[in-house]
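User: I work at the bench and would like to learn how to read a structure like this one. Could you take me through it?

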Amino acid sequence: MQASLSLSVSNPAAIPRSSHGFESSIPFPSKPVNLRFCGLRREALGFSSASTYPLSTSRSSRSVARSNKVSASLGSANGSSSAPKSFDYDLIIIGAGVGGHGAALHAVEKGLKTAIVEGDVVGGTCVNRGCVPSKALLAVSGRMRELQNEHHLKALGLQVSAAGYDRQGVADHANNLAMKIRGNLTNSMKALGVDILTGFGAVLGPQKVKVGKDTVVTAKDIIIATGSVPFVPKGIEVDGKTVITSDHALKLEFVPDWIAIVGSGYIGLEFSDVYTALGSEVTFVEALDQLMPGFDPEIGKLAQRVLINPRKIDYHTGVFATKITPAKDGKPVTIELIDAKTKEPKETLEVDAALIATGRAPFTNGLGLENINVATQRGFIPVDERMRVIDSNGDLVPHLFCIGDANGKMMLAHAASAQGISVVEQLTGRDHVLNHLSIPAACFTHPEISMVGLTEPQAREKAELEGFEVAVAKTSFKANTKALAENEGEGLAKLIYRPDNGEILGVHIFGLHAADLIHEASNAIALGTRIQDLKLAVHAHPTLSEVLDELFKSAKVSL
Amino acid sequence: MASASSSLLTKMPTPSNTTISFSASLSPALPLFPSQFYLRRHRRTGNALRVQSKIREIFMPALSSTMTEGKIVSWIKSEGDLLSKGESVVVVESDKADMDVETFYDGILAAIVVPEGESAPVGAPIGLLAETEDEIAEAKAKAASAGGSAPAPAAATPAVSPSPPVPAPAASAPPPPLPADGPRKTVATPFAKKLAKQHKVDISKVVGTGPFGRVTPGDIEAAAGIVPTKPKVAAPAVAAQPAPIAAAAPPKAASAPSTPALPGSTVVPFTTMQAAVSKNMLESLSVPSFRVGYPIATDALDALYEKVKPKGVTMTALLAKAAAMALAQHPVVNASCKDGRSFTYNDNINIAVAVAINGGLITPVLQDADKLDLYLLSQKWKELVEKARAKQLQPNEYNSGTFTLSNLGMFGVDRFDAILPPGQGAIMAVGASKPTVVADKDGFFSVKNKMLVNVTADHRIVYGADLAAFLKTFSKIIENPESLTM
């Protein structure tokens, strides 16, 4: 995640919704346009680890081109690499994940004739194999946790006899949710007149995209939004049954007695929450010296106290899993560990299953990047701060953009969508640079973790470089009436800010509904609102949002 | 556990109050954030009571209301260091946070009892404070003899502690920190390791019974002598839950006076259900009960049973129905004595039937057994048993009985005697039906199936003649069972 926060200079302007100065080239649907976003933006992130987030369209080998509409352009465009004179579309988006969807909707709103190319299923990773189904599992695990916590229930005066669950029922819930959201997504695009071209998309040349085997479509501008797939390090044999990635785990085909989770980022943490609630014991394998790298250290430590130590979880830190063999011939899954620093063999674990949650890798193979002289960097497509693709000479490729996991800037579903909207803004005559420091992230454990902006060490480093002062304010959920009413007083909110001017550098929350609470802070960062102004804002009482109210009020700004 | 390696002090959740003071007082469980005043008061009594020489014990403080155990993150001071009042001495990690703990006394840190990285229960001594240098040696000796153990001194000799027998007490050195598995191949699950640490069980000495020979949480609990969370159910021992019972094992165990436990014995506390049985059995001692037995020929009943069995009728339903019909004619046997001064006649005839379930005993109730027909009754019984297995019986489905039936016949028991459940007037114990040679009035011998029925009743309301009459009616019904199907 640190790597993805590189864009610090930015125009914090909000994304304008009004479309002035641009003529629609296709008839606009008469429905109110803003409504269609619902359902999607919320599905943001979820689920993924420090380096990577879901958002992909995994391209299956299926390559059916069945778009009659565009076949006319085939003959004329074939074989020629010169830019066509007239275009089938204003904008073509390769990949119908959350990023592509967000871009497509905004493009239509801005009057662009838009097509979206999808080689697998609409919705990409987030909807089908990521944030969305994982939220369904986490909803179950949250309730199981509550029902199993006798101490907690007793404190509320509740009595519940033994809670149990039906694995298939839980799995169905996750699957149904993904199907439902996928349907919503598809319908929202169809209703607005976005053409969905089915087939594997590749860039043929400037402003030219091949869909499937032999359909060529032209567009003024192209956005690549092909997302990512789970990253599996060398030496690990994934069989989809006992050694699995998040793709398999979300189907919840079995609940092992003991599962090792390789990687303790978002994906690993969320799955540890699910598995322990369903009765599994968990062993974390983390290459870094501490669990939950990427989180603010203080939040990480508290999270470990609440999410790891009291649960049936143990861990090995500072070790690499060099070889993982699935269970077969009556033997358990074996995991060979070596010391991350000395590379000496440490020990071999024997468990019932292993979940590989070591991050996500960009899905950019076969995209035809060689046709336009673009070289990927560890698979990621290099872009500038406006998401314009950079070729191997360091020059910008005209009319070509890349958003989402494929560019690796910030691998979060909602970041991809925001990047897509930013690109459309530029295409429609309004320069826009997205401030990635205003993009919140969340981990949906029980309780949740959320953050926006810099961690304390990052802020202190920046402060040292730029010569300003950093201060930290904290509030506890223990002091919040609503949290106490829910008997969920465990939690901390932390504000990192500049006392000289009241600028928010980062906010980190661990506690009940943290993922929902973060937006007050992320909006403030996006809009450039200062703490001294936020202090005067009013929060309804009693609500959890008062945690942030307290937080802002406890900051000492010397103005 | 491993988080301790970091000496970073997280000061939370109340940013203002991060330092806690320990006292050398006797009070084993310090209140949260003790005030100075409180401590001073105790200093004097502390000295008087326990600390003859001026050696004070440093206790593990209670840093939060839910803290039961704390871990020493780091000792800021080392042995031999001079301490002055108010100085931070040790950093303790609770279930919530790391906190500096400061001393209220001047003195010398004579001995560290619980080293860094290890845990101790709240109130356990973690270090010793000497007032003068002369006392250091004494303090050290004291520390050595105390070992690393908790307040209950389990000293150097592997004493068999009175409660959970811990195999091989790992004296002052508990098992090494988690991930450090040596070459020996003991695989233990994460929770098993946690439990082992908590109960100071040496994992390497536990034989794993899990898959691939791994040590499971259950193995550790067994080694530590704790009731497993999911009791493995032994053979069904029949009797009835909130009350009746074949004079079987549980009450015996309950009433056994505190004889010293034999070495190698295991103490297993009652489950809730077992505790309820125990209580009910004791209550029965206050009721003057008596017993009347009656042999009943069952050939006709057996024949009927064969006929209706395919329709889903169970023997339990047949017996319950027969008892209910008999009770309808003898309401006093269906009555109860609540206060020792009156009869309480019950309008409904609710037959409770004792069932053994998962190491416990419960009495699902067939309500209005006299009014329901045999088939409905059988259906009802099946539902009740399923609910009982799933622990979903509603209270009125197991405590509304007016008469109880306990049948051990299926085990071949020929006769037994049941204990009267509180609130009921009588309980019937049914033995097995066995071929018996009988002579009729003309002197002809024949072989008939006979079962012995034994009813225990409360003599305050049910007298011998009442019971005899009831049994006679009951035997008539059993011997001419056609009426059961009507």
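Analyst: Gladly; we will go from the whole chain to a helix, a core and a few single residues. Please keep in mind that this is a predicted model.

User: Let's begin with the overview. How many helices and strands are there in chain A?

Analyst: Chain A has 16 helices and 23 strands. Of its 559 residues, 61% are buried. Among contacts with a separation of 6 or more, 70% join residues 24 or more positions apart. The surface that chain A exposes is about 22000 Å², and carbon and sulfur atoms supply 52% of that area.

User: Now a helix. What should the 16 residues of α9 in chain B span?

Analyst: The general idea is that the expected span is 1.5 Å times one less than the number of residues. For α9(B), residues 374-389, that comes to 22 Å, and the end C-alpha atoms are 23 Å apart, which agrees.

User: Which residues of α9(B) are buried?

Analyst: They are B:Leu374, B:Leu377, B:Ser378, B:Trp381, B:Leu384, B:Val385 and B:Ala388. Looking down the axis, you find these buried residues within an arc of 125 degrees, so they line one face of the helix. The cover over them includes α8 (315-329) as well as β12 (351-353), β13 (355-357), β14 (360-362) and β15 (365-366), also of chain B.

User: And what is found at the start of α9(B), and what follows the helix?

Analyst: At the start, a side-chain oxygen of B:Asp373 comes to within 2.8 Å of the backbone nitrogen of B:Tyr375. After the helix comes B:Lys391, with a positive phi near 55 degrees.

User: How do I read a nonpolar core?

Analyst: In soluble globular proteins, nonpolar side chains tend to be buried together. Here, the largest nonpolar core has 55 residues, and B:Val333, B:Ile351, B:Phe403, B:Met428, B:Phe470, B:Phe474 and B:Leu484 have the most contacts inside it. The largest share of this core, 10 residues, is supplied by α8(B). For a view from one member, take B:Leu484: its contacts beyond four places in sequence include B:Leu318, B:Ala322, B:Met325 and B:Leu374.

User: Is B:Ile136 buried or exposed?

Analyst: The cut-off for buried is under 20% relative accessible area. B:Ile136 has 17% relative accessibility, so this residue counts as buried. B:Ile136 sits in helix α2 (residues 134-146) of chain B. Leaving out residues up to four places away in sequence, B:Ile136 touches B:Ile108, B:Ala110 and B:Ala130. With B:Ala110 the C-alpha to C-alpha distance is 5.1 Å, although the two are 26 residues apart in sequence.

User: What about a residue in a strand? Where is A:Thr245?

Analyst: A:Thr245 belongs to strand β8 (residues 243-245) of chain A. Its relative accessible area is 5%, so A:Thr245 is buried. Beyond four places in sequence, A:Thr245 touches A:Pro230, A:Val232, A:Val238, A:Leu355 and A:Ile356.

User: And how does B:Pro295 read?

Analyst: B:Pro295 counts as partly exposed, at 44% relative accessibility. This proline lies in strand β11 (residues 289-297) of chain B. Setting aside neighbours within four places in sequence, B:Pro295 is in contact with B:Lys450, B:Met451 and B:Leu452. The C-alpha atoms of B:Pro295 and B:Asn454 are separated by 8.7 Å, with their places 159 residues apart along the chain.

User: One last helix, please. What covers the buried residues of α14(A)?

Analyst: The cover includes β20 (448-453), β23 (504-511) and α15 (531-534) of chain A. The buried residues of α14 (residues 519-527) are A:Ala521, A:Ser522, A:Ala524, A:Ile525 and A:Ala526. A:Gly528 follows α14(A), with a positive phi near 75 degrees.

Note on methods
Residues numbered from 1 in each chain as written. Chains lettered and ligands numbered in written order. Predicted model: local features only at pLDDT ≥ 70, side-chain atom pairs only at ≥ 80, totals over all residues. Heavy atoms only, no water. Helix = DSSP H or I, 4+ residues; strand = E, 2+ residues; numbered from the N terminus. Buried < 20%, exposed > 50% of the residue type's maximum accessible area, 1.4 Å probe, protein only. Contact = heavy atoms within 4.5 Å. Areas by Shrake-Rupley, 256 points an atom, 1.4 Å probe, with all protein chains shown as cover. Arc of directions from axis to C-beta. Polar contact = N/O pair within 3.5 Å; in protein donor to acceptor, adjacent residues only side chain to side chain. Core = buried A, V, L, I, M, F, W, Y, C linked by side-chain atoms within 4.5 Å.
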